[in-house]
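Here's a relaxed walk through one protein model, in questions and answers. Have a look at it first, then we'll start asking.

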Amino acid sequence: KSELKARAIPDDVEQLLLKAKSEWSWDERQSVFALFLETVPDLESARKEITDLVKKVPKLPTTLVLQERPADHPRVTHRHHRGEFTQPKESVRVGVPELFNELNPPTNRSEFARWLVNGENPLTARVVMNRHWEAFFGRGIVRTAEDFGTQSAPPTHPDLLDWLATEFVRSKWSLKTMHRLMVLSATYRQDSRISPELLKRDPRNELIARGPRFRIDAELVRDVALSAAGLLSKKMGGPSVFPPQPASVTDLAYGGFKWKVSEGEDRYRRSLYTFSKRTAPFAAYMTFDGTSGEACLARRERSNTPLQALTVLNDQVFVEAATSLAGNALKHGDGDRRRTAAFILRRCLIRLPAGEEVATVIGFQERQMERISSGELSAEKILGRKGSANEAAWAMTARAVLNLDETITKE
């Protein structure tokens, strides 16, 4: 039996060789000539030089994309009994809820995308506006942002939600326009302080009678600390990074995954770029009610636990942020303790501190100096390097201010 071997000539070029040269187009001639240059033995040494150079070019990152299947070769999709993939039942066809059939129901992905942003579609704009309202106010007009069905919570201000949705469409789906509209509104710019009477009447601020006040999301807690410390990188795009966290977090992760901490600027990239592994999510984010990615979650609950305070006080990310913040404050203060303390408060609280607040911070710093001077604390262990007792005491002070409720609360 003769051994079968694949031809080295691509099918398209082989078809050209069956035609007369006079019938070749310019592009077809170039295809044949390119194959000749790639295969002729006399040019092997020259090709090697080119190949070696090409191998040194960094490869661009790639990602998977969705592409519509051919219309004449659709995938058959079944309803799976109780969600069990081993129990397919009747086949289902492309479609949308019958309630919306009057809007020319889509038959493929492209039509579905256009259907979603059809100005006559009452659902998309309402859902989007509700989620962005929740981002600014801490609570959606419809509390159940993940559910707009018959079992969802009713909107507290249905006319407002309708108006926002229609304005969103009228602005040509511009989120920037709607964000500006929300933050410049009198509703958003209200004082967040609350009287005992109003707290009793409306503890969840469903009436929007006061400004928003809520703990920021997990990723922002880290970003706020890095920003206050002057460490947050403004670099945009690129692959995921690995901020510091205990190595033991990923020890039991699926696949034996090892967390290799990023160096340089990548260590302080925005939390948006933190590498996410479903079986070993970033520990600090989970402490502040972050998600693991194992399930789609449109709305996060907010908790208040001692572990959150311990994280901001002791996690390596926040310790590094506190040390950097203290160093910047000492440079700004130039020997003036009041200016140093005010700098730390201003960076963390985003407002001018009161005189008694500055005095409290100075008193706290003095007590840390006493603890270091007595040997109770070690300046080298606090800073992670050699440094003065004064710098270490200010680093301890910065850690305390970073841990204030007001630092990680939007109000």
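Q: Which residue forms a salt bridge with Arg337?
A: Keep in mind that this model is predicted. Arg337 sits in helix α13, and its partner sits in helix α14 (residues 355-373), so the pair ties together parts that are 29 residues apart in sequence. The closest N and O atoms of the two are 2.5 Å apart, and the partner is Glu366.

Q: Is Glu366 buried, partly exposed or exposed?
A: Buried would take a relative accessible area under 20%, and exposed would take over 50%. Glu366 has 32%, so the word for Glu366 is partly exposed.

Q: And how accessible is Arg337?
A: Arg337 also needs a place between those two cut-offs, 20% and 50%, to count as partly exposed. Arg337 does count as partly exposed, with a relative accessibility of 39%.

Q: How many residues apart in sequence are Arg139 and Glu206?
A: The side chains of these two meet in a salt bridge, at 3.2 Å from N to O. Arg139 is in the loop between α5 (124-137) and α6 (158-170), while Glu206 is in the loop between α8 (196-201) and β3 (214-215). So the pair ties together parts of the chain, and the separation is 67 residues.

Q: Which residue of that pair is buried, Arg139 or Glu206?
A: The cut-off for buried is under 20% relative accessible area. Glu206 has 30%, so Glu206 is partly exposed. With 18%, the buried one is Arg139.

Q: Where in the chain is Arg300, the salt-bridge partner of Glu219?
A: Glu219 and Arg300 have their closest N and O atoms 2.9 Å apart. This pair links distant parts of the chain, 81 residues apart. Glu219 belongs to helix α9, and Arg300 belongs to the loop between α10 and α11 (306-314).

Q: How many salt bridges are there?
A: To count, a side-chain nitrogen of Lys or Arg has to be within 4 Å of a carboxyl oxygen of Asp or Glu. By this rule the count is 22.

Q: Which of Phe112 and Trp115 is buried?
A: These two form a stacked aromatic pair, 5.8 Å centre to centre with 15° between the planes. They are three residues apart in helix α4 (residues 109-116), so about one helical turn separates them. Phe112 has 38% relative accessibility and counts as partly exposed. At 7%, the buried one is Trp115.

Q: Is the pair of Phe242 and Phe257 stacked, tilted or edge-to-face?
A: Planes under 30 degrees apart count as stacked and planes over 60 as edge-to-face. Here the ring centres are 6.4 Å apart and the planes are at 35°, so the pair is tilted.

Q: Which residues form one aromatic cluster with Phe242 and Phe257?
A: Phe242 and Phe257 are both in the loop between α9 (218-228) and α10 (283-287), 15 residues apart. Phe257 is buried, at 18% relative accessibility. The rest of their cluster is Trp259, Phe275, Phe282 and Tyr285.

Q: Why does helix α3 lie largely in the open?
A: Helix α3 covers residues 44-56, and its end C-alpha atoms are 19 Å apart, which agrees with the 18 Å that its 13 residues should span. It lies largely in the open because, of those 13 residues, the number buried is zero.

Q: Which residues does Leu349 contact, leaving aside neighbours within four places in sequence?
A: Leu349 is in helix α13 (residues 337-349), and Leu349 is buried at 9% relative accessible area. Its C-alpha is 8.6 Å from that of Val401, although the two are 52 residues apart in sequence. The contacts are Leu404, Glu406 and Thr407.

Q: How far is the backbone oxygen of Asp405 from a polar atom of the side chain of Thr409?
A: Thr409 is part of strand β4 (residues 409-410), and Thr409 counts as buried at 14% relative accessibility. Not counting residues up to four places away in sequence, Thr409 touches Arg213, Phe214 and Arg215. The distance from the Asp405 oxygen to that Thr409 atom is 2.5 Å.

Technical notes: Residues are numbered from 1 along each chain as its sequence is written. This is a predicted model: local features need pLDDT of at least 70, side-chain atom pairs count only at pLDDT 80 or more; totals for chains, interfaces and linings use all residues. Side-chain values use heavy atoms; hydrogens and water are left out. Helices (H or I, at least four residues) and strands (E, at least two) are DSSP runs, numbered from the N terminus. Buried means under 20% relative accessible area, exposed over 50%, partly exposed in between (1.4 Å probe, protein chains only). Contact means heavy atoms within 4.5 Å. A polar contact is a pair of N or O atoms within 3.5 Å; within protein, one must be able to donate a hydrogen and the other to accept it, and residues adjacent in sequence count only if both atoms are side-chain atoms. Rings of Phe, Tyr and Trp (its six-membered ring) pair if their centres lie within 6.5 Å; planes under 30 degrees apart count as stacked, over 60 as edge-to-face and the rest as tilted. The expected span of a helix is 1.5 Å times one less than its number of residues.
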